[in-house]
Amino acid sequence: MTQLTAVLAVPTQLVHLSSIDIAIVVFYFALVLSIGWYLKGRANTGEDFFMAGREMTAWVAGLSFLSANLGALELMGWAGSAYQYGILATHWYWIGAIPAMLFLALVMMPFYYISKTHSVPGYLKLRFGEPSRALSAVSFAFMTVLMSGVNMFAMAKVMQIVLGWDIHFSIWVSSLTVAIYVTLGGLRSAIFNEVLQFFLIWAGALLIPILGLYEAGGWTHLKVLIAQRASEQYVHLWSTLGSFSNNPMGINWVGIVFGLAAVISMGYWTTDFLVVQRILAAKDIRSAEMAPIIGAGFKMLVPIIVILPGLLGLAVLPEKLVPESIASVTGAHSYNDVLPLMLARYCGPGLLGLGVTALIAGFMSGMAGNVSAFTTVWTYDIYRPLIHRNGSDHHYVNMGRWTTVIGVLISVGTAYLVMQFASIMDYVQALFSFFIAPLFGTVVLGMLWKRASAAGGFWGLLCGTLCSVGMWTWVKVDPSALRYVAMSPHAKGLAQDMYQALWSFIMCVVVTVVVSLATKPMAEVELNGLVYGLTQVPAVGQVPWYEKPVFWAAVVGVVFVALNIIFW
Amino acid sequence: MISIWFFIGISLAVNGALILAAGIYQLISPPANPSVVLFNLHANVWWGALLLVVGLLYSLRFAPKR
């Protein structure tokens, strides 16, 4: 998230597109609109429009699940982080994602799926009642649409910096395209385009590490070059995490393991409806379990197109990239320019167009994810229970279509607001992070502990969120307070995110447990299908062992451990 | 319903064809001062060809008539 702010200040245009590059970009827009147009007749019922008919295969749901998270700013921001912090940035792709995805697949997905909920707030309604759903749905809908606007502005700014495109043109063309294809085809259209975008991102970005490694003389020689130009610390994943002062990120292993892996990543990948919605569209329970596992398999590969270009930039770029604060004053290139710079370094006519298309595709898939998730939560978790209870299915589909358009327009409005008041961006990003950790605490306790009561769930969620807001405000007012939040005078910004999440999760769990024990438990009959121990978890069917989710989760788990040891 | 994999095949094939065409053009009449490093590898030729082949395979395998 912090990368978003940073992509906003370099005044020079980095690359120039040829006519063939522009043809590739135009073809992309034509294709995504064609897909939306083709699917418009298949989004007539609520199940079709909001849940893609619940007929997605494991592969489609899994790639869409990953693609919704693979935004352009994510690609550029983490490539910049790899340049700045070295291979430590890989933690956000491996331990900061893989265990959570496997946990979602094997532990949580059966409950989401068999409860037939339309959304994560919908599960909270079933488990903890209306107040918890309302708190979660309102905060999610509000923040999702604001984040979409912030991303839109940041991406338009990137297009202005990289390509010299007019910022208003970028905002309106991309947002109207997303609005059209999601309004026409609903979630199915969003998912189809996300899978397409997944392939384009790989096709456009994979050449950079291939040619970069060739130029650097292979991985071994790349490490030597990085040690010469930066530090040997930049190529170790774990061995420098013994203390805050021993690595360029200013974080220790406790923050990575307990803050990032156990709380933030678990919260994001298992309760953020933006990604979970894709899995809920799976056609059966086996596909719903396999989808996150397939996503995890590909997630482990994403550092090849994100982290490796950043590391290669350290080794082969003739200039030294600088922090955004210096770049904005001197006009030099910042860390966040490393991916476009590497793109311009290796990609000639045609390839450059594909690379730019990959960035645009990444942005649009993220925006479509935000808009479709917002539409569903607004319609099913706010409009239907709180405003208009007894509408027909057709009425709610129409509401979904209008909400898509309105959501995009609010996002555009937010983008223009951010254009006027840049500091809003920091606040919106911070607000989004407030809800993730406590929401995970509430949902996981609800699924695993039958004694958790409705009051416990609500107050735990509220107190965890307030705890997060309180710590963020404390550090904002007094930056030296970070030493108390992260428990070290050497802690830096990213450590704050990890420890803030950890404390708010702990607060949520403690309050939920205390309040639950002090209040009346829910009747067991109400919890059937929602809580472990009271639910017959459905089997994945009669399939050979090599088609079972647990087998592939084990394969992904073994590869994940091996990668961490190899790059220790 | 047309498979998503067909759309992906079309996308890769068209992009591959355009990139390959640009690469062949540069192979025939190379620029005096190439704007990219490793120009001698002619990445747009083999990468474009690879995308074209993969795209065609997907398009044929998942063509609507099947």
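Me: This is a predicted model, and I would like to begin with the surface of chain B: how much does chain B expose, and what share do carbon and sulfur atoms supply?

Reply: Chain B exposes about 3,500 Å², and 70% of that area is supplied by carbon and sulfur atoms. For chain A the accessible surface is about 19,500 Å², with 68% belonging to carbon and sulfur atoms.

Me: What secondary structure does chain B have, and is chain B compact or spread out by the globule rule?

Reply: Chain B is made of two helices and has zero strands. Its radius of gyration is 15 Å, well over the 11 Å that the globule rule gives for 66 residues, so chain B is more spread out than a compact globule. The spans of its C-alpha trace along the principal axes are about 50 × 20 × 10 Å, and buried residues account for 44% of the 66 residues.

Me: How does the same reading go for chain A, and what does the globule rule give for its 568 residues?

Reply: Chain A contains 24 helices and zero strands. The globule rule gives 24 Å for 568 residues and the radius of gyration is 23 Å, a close match, so chain A is as compact as a globular protein of that length. Its C-alpha trace spans about 65 × 55 × 55 Å along the principal axes, and 62% of its residues count as buried.

Me: What share of the contacts in chain A joins residues at least 24 apart, once we consider contacts between residues at least 6 apart in sequence?

Reply: In chain A that share is 84%, and in chain B, for contacts chosen by the same separation of at least 6, it is 74%.

Me: How should I read the sign of phi, and where does A:Arg54 lie?

Reply: Most residues other than glycine have a negative phi. A:Arg54, which is not a glycine, has a positive phi of about 45 degrees, and it lies in the loop between helix H3 (46-51) and helix H4 (58-67) of chain A. In chain B, the loop between helix H1 (4-28) and helix H2 (43-61) holds B:His42, whose phi is also positive, near 50 degrees.

Me: Is A:Arg54 buried or exposed, and with which side chain does its own side chain make a polar contact?

Reply: Buried means under 20% relative accessible area, so A:Arg54, at 10%, counts as buried. Its side chain makes a polar contact with the side chain of A:Glu47 at 3.0 Å, and the side chain of A:Arg54 also reaches the backbone oxygen of A:Thr117 at 3.3 Å. Leaving aside residues up to four places away in sequence, the residues that A:Arg54 touches include A:Lys116, A:His118, A:Leu280 and A:Lys283.

Me: Which residues of helix H10 of chain A are buried, and what covers them?

Reply: In helix H10 (residues 207-216) the buried residues are A:Leu207, A:Ile208, A:Pro209, A:Leu211, A:Gly212 and A:Ala216. Their cover comes from both chains: it includes helix H9 (167-205), helix H11 (219-229) and helix H18 (351-387) of chain A, together with H2 of chain B. Just after H10 of chain A, A:Gly217 takes a positive phi of about 90 degrees.

Me: Which helix of chain A holds A:Ile410, and what is its relative accessible area?

Reply: A:Ile410 lies in helix H19 (residues 393-420) of chain A, and with a relative accessible area of 36% it is partly exposed. A:Ile410 and A:Glu74 are separated by 336 residues in sequence and by 22 Å in space, C-alpha to C-alpha.

Technical notes
Residues are numbered from 1 along each chain as its sequence is written. Chains are lettered from A and ligands numbered from 1 in the order in which they are written. This is a predicted model: local features need pLDDT of at least 70, side-chain atom pairs count only at pLDDT 80 or more; totals for chains, interfaces and linings use all residues. Side-chain values use heavy atoms; hydrogens and water are left out. Helices (H or I, at least four residues) and strands (E, at least two) are DSSP runs, numbered from the N terminus. The radius of gyration is taken over C-alpha atoms; the globule rule is 2.2 Å times the number of residues to the power 0.38. Buried means under 20% relative accessible area, exposed over 50%, partly exposed in between (1.4 Å probe, protein chains only). Contact means heavy atoms within 4.5 Å. Accessible areas come from the Shrake-Rupley method with a 1.4 Å probe; for residues, only the protein chains shown count as cover. A polar contact is a pair of N or O atoms within 3.5 Å; within protein, one must be able to donate a hydrogen and the other to accept it, and residues adjacent in sequence count only if both atoms are side-chain atoms.
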